[in-house]
Amino acid sequence: MEFSKEELEFFLSKYQEFLKIPSISATGEGIRDASSWLKEFMEELGIKTEIVETKGHPVVYGKVNNGGSKTLLVYNHYDVQPVDPINEWKYPPFSATI
């Protein structure tokens, strides 16, 4: 699959936008913001999406049905570890610096 320069710039800017959301698992900071952002972006891409509440952090669940006979499951996480020790960062955490 090939992307145009505009498409690559679009997805890179969206990725940076997402990376700027603090979603620190241990404290819960930004978790709701990150899950809401993911839901909205997935829906923008045409993915049927819902947020499923759990005893822990919410799960962002998306489904695409293209009529195929096989299923592909992609599992990932959207939370991160605390940023300490902060003095070891080359760039500020959540700056999404390239």
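Is phenylalanine 11 buried, partly exposed or exposed? At 34% relative accessibility, phenylalanine 11 is partly exposed. The legends below return to this ring and to other spots in the structure, which is a predicted model.

**View 1. Phenylalanine 10 takes part in two ring pairs, one with phenylalanine 11 and one with phenylalanine 41.** Welcome to the aromatic side chains, where six aromatic pairs are found in the whole structure. In one of them, phenylalanine 10 and phenylalanine 11 meet edge-to-face, with 5.1 Å from centre to centre and 70° between the planes. Phenylalanine 10 is itself partly exposed, at a relative accessible area of 32%. The pair of phenylalanine 10 and phenylalanine 41 counts as tilted, because the planes stand at 45° with the centres 6.3 Å apart. This second pair links distant parts of the chain, since phenylalanine 10 belongs to helix 1 and phenylalanine 41 to helix 2, 31 residues away. Phenylalanine 41 is buried, at 13% relative accessibility. Stepping back, ring pairs join Phe3, Phe10, Phe11, Phe18, Trp37 and Phe41 into a cluster.

**View 2. The largest nonpolar core brings together 11 residues.** Among them are Phe18, Ile21, Trp37, Phe41, Met42 and Val60. Helix 2 gives the largest share of this core, with six residues. A good place to pause is tryptophan 37: leaving aside neighbours within four places in sequence, tryptophan 37 is in contact with Lys14, Glu17, Phe18 and Ile21.

**View 3. Threonine 49 sits in strand 1, which spans residues 48–52.** Threonine 49 counts as buried because its relative accessibility is 11%, below the 20% limit for that class. A polar atom of the threonine 49 side chain lies 2.8 Å from the backbone oxygen of isoleucine 47. Apart from residues up to four places away in sequence, threonine 49 touches Lys39, Met42, Glu43, Val60, Tyr61 and Gly62. One of these, glycine 62, is the bridge partner of threonine 49 in strand 2. The two strands pair in the antiparallel sense over five bridges, and they form a hairpin with six residues between them.

**View 4. Glutamate 43 and lysine 39 share a salt bridge within helix 2.** Their side chains meet at 2.6 Å, N to O. The two residues are four places apart, about one turn of the helix. Both are partly exposed, with relative accessible areas of 38% for glutamate 43 and 23% for lysine 39. Threonine 49, from the previous view, touches both residues.

**View 5. Glutamate 53 and arginine 32 form a salt bridge between a loop and a helix.** The N to O distance here is 2.8 Å. Glutamate 53 lies in the loop between strand 1 and strand 2 while arginine 32 lies in helix 2, so the pair ties together parts 21 residues apart in sequence. Glutamate 53 is partly exposed at 49%, and arginine 32 is partly exposed at 46%.

**View 6. Glutamate 9 and lysine 5 meet in a salt bridge.** The separation is 4.0 Å, N to O. Because the two residues are four apart in helix 1, about one helical turn separates glutamate 9 and lysine 5. Here the partners fall into two accessibility classes: glutamate 9 is partly exposed at 45%, whereas lysine 5 is exposed at 59%. In total, the structure has four salt bridges.

Definitions and conventions:
Residues numbered from 1 in each chain as written. Predicted model: local features only at pLDDT ≥ 70, side-chain atom pairs only at ≥ 80, totals over all residues. Heavy atoms only, no water. Buried < 20%, exposed > 50% of the residue type's maximum accessible area, 1.4 Å probe, protein only. Polar contact = N/O pair within 3.5 Å; in protein donor to acceptor, adjacent residues only side chain to side chain. Contact = heavy atoms within 4.5 Å. Pairing = 2+ DSSP bridges. Core = buried A, V, L, I, M, F, W, Y, C linked by side-chain atoms within 4.5 Å. Phe/Tyr/Trp six-rings, centres within 6.5 Å; stacked < 30°, edge-to-face > 60°.
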